[in-house]
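Colleague: Could you walk me through this one? I have not looked at it before.
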Amino acid sequence: MNARVFRDTYGVPHLQAGDPLALVYLQGVNAARDRAWQIELERRRYLGTSAAFLGAEATGWDVFARQARLADTAQRCFESLDDETREWVTAYVEGVNHALPGGALRAPEFAQTGLTLQKWEPWAPLGIWLAVHILFAGFPSKLWRTHVAQRLGEASLELFSSEGPHGAGSNGWLIPGSHTASGQAIVAGDPHRYIESPGVYQQIRLTCPEYDVLGLAVPGIPGLAHFGHTGSVAWSITNAMADYQDLYAEQLRRTESGVEALGPTGWEPASHHTEVVEVADADPVEIEVIETERGPVIMPDAEGAGGMERVTSLRYPPRVTGRLGFEVMRRLLGATTVRDVDSAFENWVEPVNVVLAADTAGGLLHRTAGVVPRRARENRLRVVPAWEAEHAWDGWHEMPRADVDGPAVMANARGLATPLGVEFAAPHRADRIRELVEARDDWTLDDMPSIHRDTYLGSAGSVLDLLTDLEDLSTQAVALRAELLAWDRHMDATSTTASSYAAVRKALVSRLTDHFTMLENADVAEIFIPWMDPLTHVSYALENLLATDLIPHVNIQWLAREALEEVAANSPRPPWGETHQLTPLHALRGAVFAPGEQPYDLSLSGDHHCVMSTSSLPGLTDVCIRASAARYAWDLADRSASRWVVPLGASGVLGDPHHHDQLPSWLRGSLVPVDGAVVREDRTYSVAVDGFGTVRIEEADPSRDLDLIYEWVTAERAAFWGMGALSRDEIAATYQFLDSVPTHHVYVVRLDDVPVALLQTYDPQADPAGSAYDVAAGDLGVHLLIAPGETRSGFTRQLVDALAQFVFEELGNPRIVVEPDVRNTRAIDRFRRSGFTLGPEAKITQPDGSTKTAQFAFLTRAQALGRAG
């Protein structure tokens, strides 16, 4: 199978390669080309070096990443992988390293911040995964609960139970063949995350002889971890809302030999060292990194009695086990049945998920996957004393699973994962989806958007019921109450009643928060401040707070009356979509639309507890920053009929045609085809050179161009290529192989349509030449064979200049590497005169098995530009 990149109507990459390693390398290349800024930013975040180019506002995260030891944990987890998975991850990273310089040229954020590239570590994908998910399980909520108990008393520990995720969530549903028109299952849903630019999910198709799978990838991560369809089996996940990370109150003391922490059996040695966080336009920050037997210290507190330090440590499974579950990502790609998916997820670690899957043989799966420690319930609620033995971990929970005998729903609510967590999503989304899917037994793929975009707000009753018995209302308030009580409770963008409801809720939340001023100014590390905001907690815990008897000093009825009157006095309200608008997050607060582009109307339907979950902060703003990071509908009857959509587009490059071309469909709640018109990427490049002609560089076709290639590489003048003794069939096989791998490319170079040269490029990391010199990220090896013909003054120099322009400007590689035979003095002199710097001599194996002593030479972009100038 040839190594090829195809793209569909929406620019979604369809990658093909001859084997899994070549394919995952190509996936790394693609991620670097389409999402260079995004993946390099995430890498710097796990390393704790993002403040060096983002500035002081990123310092809090960098300090946390260093103190939580994300980089060290990633390396440990990488080293514990089995050999095959480690090789697979490494191939992905090699692809990223090769293509990232070219991708960075396209991404304006690199120039904007002055960010320079570094070579990725082999474990970088594991570090990115950790950085993306370390806060996913919400351990900072334990800081909040501890704070609440300290300020309001122990009885209030769970007062602010929101039964709703603050940062992440998802919908998912499995409709078995008994409830579909085709008789085959449908798996559909949408993961809810902060809507970022670029998006957190990338649509992709991966094809090699071993498998053919499409789904949603996380840029910077190989494979398809969460959502995929192999043709015979499809799977999806939601956040299980499990609690698997603990915070410990630690007591430290300094000794002559270092630092000790008080554990259940007494004082224990703790590791410690210092690190420096560089900050753009500010002084560097020196931090101390300490790790106790429980885990790394992530928050210093204050000096305690007797001079002992009081700090907080974090214990999380990957740090304890040295495992993340990356083996699962590789195994899922080859799954053909539900049993395969089930078996693969047995090794999953983080985050803990609920999994749904179905196959064409009628197999169905509903299970949880991950690692959750067994320990005291108090560990799940708050910061617990490190020195008390009852708070130690005691093995791992068995992952719950369920039989599937009808439609199955997952929406972060209590259910299958209840034994694993403390706080879950409110049941409204799950109940509504279940109501919809069980209402009929003839579902089709075309019907799935009717579920995705359902806007019924199940939680509205808690506020509306308050309004029923209010007395002494103004005429305007009475009219508004009547309108609200007659409302169908759909949060549609065009609805003014939905807008009025949201305004009443916001006014009520604001007034209720005023009664909790004692919870302000919590003493926590900078990164955890968002979790300590009373307004946020009142907003998400509103249903619970309206029903509790733990705040008798608050007259809820009176607050509701004031809220209703406030909104009535400012009526009429605009439609909900006028204030409820999508605002994607960008690290540099970059725009969604490039200068000169026509912006779209970003009005949104839905709300936090709708199936179309478009979340704002009800007490503060209607602006939406969290919603469906993707939507999908997998058809087991016909994979090509499946659908998906992301909020922006396939490309992370502002101004690219596919940067946000899916946005209109996403805003409507619609889906786009997974198998639209697919065309091969054009690798043809042309440049007009004054006084020379038009140089066209076109990817060779081993079948079409074999006569030309055979004639040139076996000619006497090509003796140093080492192919003169090969037969026509052997040369055909050689070039067919080169055409099947993503690391090597062959081009026919034409001058004014006349073939004049053969250009071969390669990634030195995947070539014998790479072991003979110090490879830099983005190096591109080049072999150039000039065809026989009439000698022309300056021909070689002008041709090399055109080829260099192709490499530096079109491909984006920062350095060209050549390695002619030391005996080929003519070629060496040609490269030297073209601006190349001579490097070392080294032995390299030739295609025919012989060895040559090569003279390495290098040409950088800066050298080429200087020469051109």
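Modeller: Helices (H or I, at least four residues) and strands (E, at least two) are DSSP runs, numbered from the N terminus. This is a predicted model: local features need pLDDT of at least 70, side-chain atom pairs count only at pLDDT 80 or more, and totals for chains, interfaces and linings use all residues. Residues are numbered from 1 along each chain as its sequence is written, and side-chain values use heavy atoms, with hydrogens and water left out.

Colleague: How many helices and strands does the protein chain have?
Modeller: There are 28 helices and 33 strands in the protein chain.

Colleague: And what does the C-alpha trace span along its principal axes?
Modeller: About 100 × 70 × 55 Å. The radius of gyration of the protein chain is 30 Å, which agrees with the value near 29 Å for a compact globule of 869 residues. That radius is taken over C-alpha atoms, and the globule rule is 2.2 Å times the number of residues to the power 0.38.

Colleague: What share of the residues counts as buried?
Modeller: 61% of the 869 residues. Buried means under 20% relative accessible area, exposed over 50%, and partly exposed in between (1.4 Å probe, protein chains only).

Colleague: Where is W558, and is it buried or exposed?
Modeller: W558 sits in helix 21, residues 556–569. Neither word fits, because its relative accessible area is 45%, which makes W558 partly exposed.

Colleague: How far is W558 from D701?
Modeller: C-alpha to C-alpha, W558 and D701 are 78 Å apart in space, with their positions 143 residues apart in sequence.

Colleague: Change of topic. How many strands form the open sheet?
Modeller: Eight, in the order 26-27-28-29-30-31-33-32, with mixed pairing. Strand 26 (685–689) and strand 32 (837–845) are the edges, each pairing on one side only. From one strand to the next the twist averages 30°. Two strands pair if DSSP finds at least two bridges between them.

Colleague: Which way does strand 30 pair with strand 29 and with strand 31?
Modeller: Strand 29 and strand 30 are antiparallel, over six bridges, and T761 stands opposite V782 of strand 30. Strand 30 and strand 31 are parallel, over three bridges; there D779 has R815 of strand 31 as its bridge partner. Strand 30 is also mostly covered, with seven of its eight residues buried.

Colleague: What about strand 31 and strand 33?
Modeller: Residues 815–818 and 851–860 pair in the antiparallel sense over four bridges. V817 stands opposite F858 in strand 33.

Colleague: Which helix lies across strand 26?
Modeller: Helix 26, residues 795–811, and it also lies across other strands, including strand 27 (693–699), strand 28 (744–751) and strand 30 (779–786). Helix 26 runs at about 135° to strand 26. Axes are lines fitted to C-alpha atoms, for helices over the stretch in contact (heavy atoms within 4.5 Å), and angles run from 0 to 180 degrees between N-to-C directions.

Colleague: Why is helix 14 called largely enclosed?
Modeller: Because seven of its 10 residues, in the stretch 428–437, are buried. Among them are H428, R429, I433 and L436.

Colleague: And how many residues of helix 2 are buried?
Modeller: 11 of its 12, so to speak of helix 2 as mostly covered is fair. The buried ones include W37, R43, R44 and Y46. Just after helix 2 comes G48, with a positive phi of about 75°.
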